[in-house]
Amino acid sequence: MDQMNLKEKLLKDFAQYEAGLNSAAQTDLHQIRKTAINAFSEMGFPTVKQEDWKYTNLANISKKTFNQQFESNLSSSEINLSQLLTPNLEANLLIFENGIYRADLSKIKEEATGLIINNLQTAFKTSPELIVQHYTKYADHKAEAMVALNTGLAQDGLFVSVPESYVMQHPIYVLHIANAIDNAVLSSPRNLIIGGANSQVKVIQHYASLNENGESFTNTVTEIVANQKAIIENYIIQDENANSTNITETQTHLSKESFIYCHNYSLEGGLIRNKTNMVVADEHSEAHMYGVYVLSENQHADNRSLVDHDTANAFSQELYKGVLGGKAKGVFNGRIMVRRDAQKTNAYQTNRNILVGNEAQVFTKPQLEIFADDVRCSHGCTIGQLDEEAIFYLRSRGLTLQKAKTYLLKAFVGEVLLKATIDPLKNFLIEKIDRKIKGMMV
Amino acid sequence: MLKIENLKAQVEESGLEILNGINLEVNAGEVHAIMGPNGSGKSTLASVLAGKATYEVTGGSVTLNNEDLLDLEPEERAWAGLFLAFQYPVEIPGVSIANFIRTAVNAKRESAGLDPMNAKDFLLKVREKAAMLEINPKFMQRSVNEGFSGGEKKRNEILQMAMLEPTLAVLDETDSGLDIDALKIVANGVNKLKSEDNAVLVITHYQRLLDYIVPDHVHILYNGKIVKSGDKSLAFELEAKGYDWIKEAVVTH
């Protein structure tokens, strides 16, 4: 067992799981899983030899043993939810423990004709048409190893379908609790969010660890479909312990005149990797991406994005900011593709980083591929330190050196946080980030 | 109140000597003006007083109310009652003026062992001071100095001064970039803040600001030294004769 690497172990687990399925092995859903796991089997875990993974090394992870959980471990009284949840946030709440849906802890309060908010397993049974139409249709489980692994192993996640013209009153708040005590845990959350024409919905994915040291590996895929004029906001909050690995891929599809906002806040964790792909498939749609990473010690965050402008008259905007101290490592790769027919595209991208530790590192790379001739695109990547003039200005007003630095860093990331539209969440993020920055300045 | 004796300073990086033995004494209740041609060391003097790290003091002493100023960090100088109105105030995107000033006021209060000022008291006070400087309350929600006109920047500086109530205010080229109306408003604000207990050091290239902030003493700085001192008539003389008159006087000395 010790000699087996993670890939072999997971393939074996899959084979065992399949053997127990009997007739269920013939379902379309299982066939998709099988295709995906076979693709993963061929590709294996990504290595630093691949351009996309140049700066993010999964070698350690792929040698470790992680176990998938099929049953929840904790009684509801053992989980102190109030310690984990965003305070004062009224929301439709779904709780997952190690990837397993906890109906007993969840509370979906909003009801409307045609509105479906469920865990994915339930949706497989109750919304087969939508599953057939959308599930696994956007994220590429044949060519991307981590998507393939997720698709092969995923058992549950969030399923949302908002009916035409329905505006959600409350956000959907999904709390993923990593609860690894005795052994390292792998979970593969899988989310599908469908916004009907003219509908509006906000989804929060919040990843947290239940304990300080437990090792967890969470590999999430989220597919988001915005139908005409739909407005969808998706927030990913990563706030796990130093022994965690959190990998997400968000694949969005924008129809005519739709808006999708993808927010990514990396607060705490060990190794973080986020990939956001936005396919701007029809005119007058807008793709927005906002991200903040505040990294200390040996933390690692790799944010990559692709905006694929496949149609004329659309807009995309991307703003990512990072503060890095200790020996932390940040990676940003923003790719904008403007295809031949995507005339009158407006695409903007900015990534700014401030290093506050001598050993911290950032690798940032904009990639613009423009094949149309009448477009407006801009990008800017900066890596710097705090402005000495600004520090002196603040000190001359009576702020200590530490306070002046903290104040400037808060203002720096504050520009991104302003984009968050859910006030209790924004306040929660600001408070967490403020506290972390303060700690980094001591 | 402020006592500068034989102050010498150079640029930290290049070692270029800029202040060459300055002597100056400012008493409570007084307004002093320091005038001089470009490159004479006026702004360097302001920066050295405030503790800017790009300058290295190589000799002399500065005391504020008998406290050795040169020994203090920039923030400790602010706590001791010094305020520098910057010639080029720094832009801080993402921070409102209201938040910035409140943070500064409370930092100073904290240094004196006082509780933070409550939101209501702060608001009342800042509104009152803003009105004095003809500042629209909406201005307070803008990001500090971001995209400000010259006049807005200087008014913001004087608003901070009004809120922090320093014992010694150093105004570094506060008239630069101001039209005559803005100049009057800013000068009027400074005059209202004047009392028997505080003092103002006005650093300026031109005499025109001194039409509105009338100095008790005028000093002419040249090549890092005060070469001539007098009353306000010296400013008029300088305006009439130009700086060449001083340069020649120094050379023939």
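These notebook entries cover one helix, one nonpolar core and one chain contact in a predicted model.

Conventions. I number residues from 1 along each chain as its sequence is written, with chains lettered from A and ligands numbered from 1 in the order in which they are written. Local features need pLDDT of at least 70 and side-chain atom pairs pLDDT 80 or more, while totals for chains, interfaces and linings use all residues.

Entry on α5(B). I took helices (H or I, at least four residues) and strands (E, at least two) as DSSP runs, numbered from the N terminus. Helix α5 of chain B covers residues 150-164, and its end C-alpha atoms are 21 Å apart. That agrees with the 21 Å expected for 15 residues at 1.5 Å a residue, the expected span being 1.5 Å times one less than the number of residues. I then looked up burial (buried: 20 or more other C-beta atoms, placed from the backbone, within 10 Å of its own; exposed: 12 or fewer; partly exposed: in between). Of the 15 residues, 11 are buried, so α5(B) is largely enclosed by the rest of the structure. Among them are K153(B), R155(B) and E157(B). The cover includes β6, α3, α4, β9 and α6 of chain B. Just after the helix, E165(B) has a positive phi of about 45°.

Entry on the core. I looked for the largest nonpolar core (buried Ala, Val, Leu, Ile, Met, Phe, Trp, Tyr and Cys joined through C-beta atoms within 7 Å). It has 186 residues, of which V160(A), L49(B) and V170(B) touch the most other members. Helix α9 of chain A gives the most, with 8 residues.

Entry on the contact. I counted residues in contact (C-beta atoms, placed from the backbone, within 7 Å). Chain B supplies 20 residues and chain A 16. On the side of chain B, α3(B) gives the most, with 5 residues.

Conventions. Contact = placed C-beta atoms within 7 Å.
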